[in-house]
Structure formats: C-alpha cells, structure tokens
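Here are some worked exercises to try with the structure open in your viewer. Have a go at each task before reading the solution.

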Amino acid sequence: MRAALEQARRAFAAGEVPIGAVVVIDGEIVSAGFNQPIGAVDPTAHAEIVALRGAAARVGNYRLTDATVYVTVEPCLMCVGALIHARVREVVYGAAEPKAGALVSAARAHETPGLNHRFDIVAGVLEQDCRELIQAFFRDRRAGRL
C-alpha cells in the first residue's frame with residue numbers, strides 16, 4: 001500500500017485526484033498507476049485502470065488471475081468492472097469512498113448476479129494515510145491552492 005500511496009502523491013502533484021494503485025504478482029510490483037484523467041484527457045485513466053493496463057502488457061495477458069491490486073481509495077463502479085474482467089485474485093484498498101465506492105460503500109458491484117468472477121477484498125490498509133492524502137487534496141482545492 002505504501003507504493004500505491006506514492007503513486008497517489010504523484011497524482012496530487014499533477015493536480016489530479018490523489019488515488020494510486022499497484023498490481024502485485026508473486027510478491028513483485030508488476031505495474032503502478034495514478035489517477036490521470038485530466039492530464040491524459042481520458043475519462044478512463046483512473047489509477048486502477050492505468051495499473052491494470054500496465055500489468056496486462058507486462059505479463060502478456062489481460063487475465064491477471066494471480067494479481068493483488070492495492071489501491072488507496074475504494075474503487076468506483078468502472079474500476080470494479082475492470083477488476084472483474086481482469087480476473088484479479090484480490091483487491092486491497094485503504095480509505096472507503098462513501099459517495100462512489102463500488103465495493104462496500106455506495107454499491108457492492110462485485111456481487112452483481114450473473115458475474116462469472118469474484119475476488120477477495122481487504123479494506124482499511126493504511127486507511128488513515130490514504131484518507132488524509134485525499135482530504136488534503138480537496139481542502140487545498142477548495143482553498144484555491146490547486
């Protein structure tokens with residue numbers, strides 16, 4: 001999760017919502033990403049999607065069945081869909097996202113009937129650090145510092 005937090009700090013520095021993600025397979029980080037929809041002019045360039053794309057390219061397969069994805073904030077509906085399609089084994093997140101979190105907060109998208117894949121979820125890893133970073137970003141943005 002510390003590596004995902006470093007990615008989130010990169011997003012913060014770029015003026016993007018500070019969410020970071022890393023994909024780990026066999027104890028090795030195979031890909032990392034941070035939110036960049038503004039800079040990439042791409043509404044799908046969320047941290048999880050960026051990290052999944054990099055991991056799939058690196059391992060040569062869109063199915064990442066042995067992967068654990070660490071993300072600083074609970075994934076949104078789009079990202080949960082991508083995690084399901086990538087067939088990840090586990091998702092570990094830091095802070096809950098009460099408005100748009102699609103694992104436990106606003107929806108339980110991974111439990112939608114008819115889906116042919118399920119993954120394990122671990123919540124609250126380095127939760128305070130993850131929450132403080134995103135709160136600092138929005139505090140600075142409201143104050144006009146970003």
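**Exercise 1. Place glutamine 7: which helix holds it, and is it buried or exposed?**

Keep in mind that you're looking at a predicted model.

Step 1. Glutamine 7 sits in helix α1.

Step 2. Its relative accessible area comes out at 11%. Buried means under 20%, so glutamine 7 counts as buried.

Step 3. Now look at what surrounds glutamine 7. Skipping neighbours within four places in sequence, its contacts are Gly20, Ala21, Val22, Ala32, Gly33 and Phe34.

**Exercise 2. Check the length of helix α1, then work out where its buried residues point.**

Step 1. Helix α1 covers residues 2–13, which is 12 residues, and at 1.5 Å a residue they should span 16 Å. The end C-alpha atoms are 17 Å apart, which agrees.

Step 2. List the buried residues of α1: Ala4, Leu5, Gln7, Ala8, Ala11 and Phe12. Viewed down the helix axis, they fall within an arc of 155 degrees, so they line one face.

Step 3. The spacing has a simple background: an α-helix has 3.6 residues a turn, so residues three or four places apart point the same way.

Step 4. Turn to the face of α1 that points away from the buried side, and you find the exposed residues Arg2 and Ala13.

Step 5. The cover over the buried residues of α1 includes β1 (20–25), β2 (28–34), β3 (67–73) and α5 (127–142).

Step 6. Just past the end of α1, glycine 15 adopts a positive phi of about 80 degrees.

**Exercise 3. Do the same for helix α5, using leucine 133 as your way in.**

Step 1. Leucine 133 belongs to α5, and with a relative accessible area of 15% it is buried.

Step 2. Measure across to alanine 8: the two residues are 125 apart along the chain, yet their C-alpha atoms are separated by 8.1 Å.

Step 3. Leaving out neighbours within four places in sequence, leucine 133 is in contact with Leu5, Ala8, Arg9, Phe12 and Pro18.

Step 4. For the length check, the 16 residues of α5 should span 22 Å at 1.5 Å a residue, and the end C-alpha atoms are 23 Å apart, which agrees.

Step 5. The buried set in α5 is Cys130, Leu133, Ile134, Ala136, Phe137 and Asp140. Seen down the axis, these residues fall within an arc of 150 degrees, so they line one face of the helix.

Step 6. Gln128 and Arg142 are exposed on the other side of α5, while the cover over its buried residues includes α1, β3 and β4.

Step 7. Right after α5, glycine 144 has a positive phi of about 80 degrees.

**Exercise 4. In what order do the strands sit in the sheet, and which are the edge strands?**

Step 1. The open sheet has 5 strands in the order β2-β1-β3-β4-β5, with mixed pairing.

Step 2. β2 and β5 (120–123) are the edge strands, each pairing on one side only.

Step 3. Ignoring direction, neighbouring strands are turned by 15 degrees against each other on average.

Step 4. Zoom in on one pair: β3 and β4 run parallel and are joined by 5 bridges. Tyrosine 70 stands opposite valine 92 in β4.

Step 5. Add the helices. α1 lies across β1, β2 and β3 and runs at about 150 degrees to β1. α3 also packs on the sheet, where it touches β1, β2 and β3, and its direction makes about 140 degrees with that of β2.

**Exercise 5. Which residues have the most contacts inside the largest nonpolar core?**

Step 1. This core has 30 residues, and the ones with the most contacts inside it are Val23, Leu52, Val88 and Phe119.

Step 2. Two or more residues each come from β1, α3 (47–59), β3, α4 (77–85) and β4 (90–95).

Step 3. Take leucine 52 as a sample. Without its neighbours within four places in sequence, its contacts are Val23, Leu64, Val69, Ala82, Leu83, Ala86 and Val88.

Step 4. Another core, of 13 residues, lies apart from the largest one; among its members are Ala4, Leu5, Val22 and Ala136.

Technical notes. Residues numbered from 1 in each chain as written. Predicted model: local features only at pLDDT ≥ 70, side-chain atom pairs only at ≥ 80, totals over all residues. Heavy atoms only, no water. Helix = DSSP H or I, 4+ residues; strand = E, 2+ residues; numbered from the N terminus. Expected span 1.5 Å × (residues − 1). Buried < 20%, exposed > 50% of the residue type's maximum accessible area, 1.4 Å probe, protein only. Arc of directions from axis to C-beta. Contact = heavy atoms within 4.5 Å. Core = buried A, V, L, I, M, F, W, Y, C linked by side-chain atoms within 4.5 Å. Pairing = 2+ DSSP bridges. Axes fitted to C-alpha atoms, helices over the stretch in contact; angles between N-to-C directions.
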